[in-house]
Structures are given as C-alpha cells and as structure tokens.
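Okay, thanks for squeezing me in. I'll put the sequence and the structure up, and then we'll walk through a handful of spots together.

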Amino acid sequence: MTLTRPPARYFFFATLIALSGYASISQAAPREDADYIAEQTVTRELFEAAIEAERTTIVSAIQFDLQSKGVKLPNPDRFLDLIMEEFIDGFTETMQNETANLYVSRFSEQELADIAAFYRTQAGQALINQTPDLILEGSRIGRIAGQRAGKNLGKRLAARIKSEGLIEVDDPNLLSRLIDALK
C-alpha cells in the first residue's frame, strides 16, 4: 500500500479553516473589549494623578466649604487623603462601567477589538503606564501656558473693548475703569 501526499491546496484550505475558527474564538465580544479598554484606561492611578495635579485647588475648596460651616481643619492635605481613601475605589469602578457602556455605544465591534488589541501591545501598555505622569506633566505645562497666555491678555482685551466697542455701558467712567483695570 502506497501513501500519497495530499495536494498542498488541501493543507492551505485546512489551515485557513482552522485559523478562521481560532480568530472567531479569540476575538472577544464588544462588551468584553469595552470592559478591557475601560479597565486599562480608567484607573485608580489615573484619578489619583488627576487629583494630585489639582490638589491645591481641591484642598482650598474643601477648606473654604468647611470653614463656612465653622470647621477649621488642622491638616487639610491629610483630610483630602482620607476622603480619597474612601472615595476612589467606588468612583473608579463606576467610571469603568460607565466608560465601557459609552465605548459600546460609540464604537463598532471592530473598532473596539482594534482598540483593545492596541492596549494589549507593548506600546499600548507603555501609554497606559505613562498616562498618570502625562496628566501631572500636562497640568504643569497647562499652568505655564496659562500664565504665558494670560500675561498680556488684559492689555489685548482692553484694546479690543476700546477699539471695537465690545462693551456698552451707560456710565463712560465705568468703561474707563474696566479698561484701566485690564491694563
């Protein structure tokens, strides 16, 4: 009895069939992809970085609110840390769920699969790992950009108000005081 080798095309088609079955099994459902994306991108570390970037403003707001109620905190920063310990986990869980819902409603099944695939790559994980630091650095850069943009804002705005007549007032002295204050 002689064994004959099947033609190469049979191997080709068998491989295609096997791979197509594998692809459909390995491709997650849209909700699973959306959950994965949200779990990777909507993280406790991300929220902690955002809060840290705005710590001074948040602490000031808490102090102001409590002082208006007759409470003076001995250590406002520690109080914010306590708030965050109680708040952040529930907040993160809710945000992940709602973000996944949003992704499912805004992206196609293929788009979700592609986005999830990117986040599974080395570059995607690098982006995820750097995002908290990017937020902190972006906040710092934003403060600098705001200072630079605002440096001559008053003079420019005063010139426009005056030349274009952008603000009408009954009392010309009021307009004059506004323009002087902006300079």
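**Helix packing, rings and a few single residues**

So, let's start with a crossing: helix α4, residues 55–67, and α5 have axes that come within 10 Å and cross at roughly 100 degrees. That angle falls between 65 and 115 degrees, so α4 and α5 count as roughly perpendicular to each other. Who makes the contact? On the α4 side you've got Arg55, Ile58, Val59, Ile62, Gln63 and Leu66, and on the α5 side Pro76, Asp77, Phe79, Leu80, Asp81 and Ile83. Sort the residues of that contact between α4 and α5 by type and you get 8 nonpolar, 1 polar and 3 charged.

Before I go on, I should say that this is a predicted model. As for the overall layout, the chain has 9 helices and 0 strands, so to speak α-α-α-α-α-α-α-α-α if you read along the sequence. Of the 183 residues in the chain, 22% are buried. And if you take the contacts between residues at least 6 apart in sequence, 67% of them join residues at least 24 apart.

Now a second helix pair. Helix α8 is residues 153–164, helix α9 is residues 172–182, and they pack at an angle of about 155 degrees with their axes 7 Å apart. An angle over 145 degrees is what we call roughly antiparallel, and that's therefore the label for α8 and α9. From α8, the contact uses Gly154, Lys155, Leu157, Ala158, Ile161 and Lys162, and from α9 it uses Leu175, Leu178, Ile179 and Leu182. By type, the residues in this contact of α8 with α9 come out as 7 nonpolar, 1 polar and 2 charged.

Let me stay on one of those for a second: lysine 162, in helix α8. Is lysine 162 buried or exposed? Its relative accessibility is 62%, so lysine 162 counts as exposed. Lysine 162 and serine 176 sit 14 residues apart in sequence, and their C-alphas are 9.0 Å apart in space.

On to the aromatics. How many aromatic pairs does a search of the whole structure find? The search finds 4. One I'd like you to look at is phenylalanine 87 with phenylalanine 91: the ring centres are 5.0 Å apart and the planes are at 25 degrees, so this pair is stacked. Both of these phenylalanines lie in helix α5, residues 76–106, and they're 4 residues apart, about one turn of the helix. Phenylalanine 87 has 40% relative accessibility, so it counts as partly exposed. Phenylalanine 91 is partly exposed as well, with a relative accessible area of 28%. Add Phe47 and you have one aromatic cluster, made of Phe47, Phe87 and Phe91.

Still on rings, have a look at tyrosine 36: arginine 120 lies over its face, at 4.0 Å from the ring centre.

Two more stops and I'm done. Threonine 43 is in the loop between α2, which is 30–41, and α3, which is 44–53. With a relative accessible area of 13%, threonine 43 is buried. What does threonine 43 touch, leaving out residues up to four places away in sequence? Thr92 and Gln96.

The other stop is glutamine 110, in helix α6, residues 109–120. At 44% relative accessibility, glutamine 110 counts as partly exposed. Here's the pairing to find on screen: glutamine 110 and alanine 29 are 81 residues apart in sequence, yet 9.8 Å apart in space, C-alpha to C-alpha.

That's my tour, so shout if you'd like any of those spots back on the screen.

Terms used
Residues numbered from 1 in each chain as written. Predicted model: local features only at pLDDT ≥ 70, side-chain atom pairs only at ≥ 80, totals over all residues. Heavy atoms only, no water. Axes fitted to C-alpha atoms, helices over the stretch in contact; angles between N-to-C directions. Helix = DSSP H or I, 4+ residues; strand = E, 2+ residues; numbered from the N terminus. Parallel < 35°, antiparallel > 145°, perpendicular 65-115°, else oblique. Contact = heavy atoms within 4.5 Å. Nonpolar A, V, L, I, M, F, W, Y, C, P; charged D, E, K, R; others polar. Phe/Tyr/Trp six-rings, centres within 6.5 Å; stacked < 30°, edge-to-face > 60°. Buried < 20%, exposed > 50% of the residue type's maximum accessible area, 1.4 Å probe, protein only. Lys NZ or Arg CZ within 6 Å of the ring centre and 35° of its normal.
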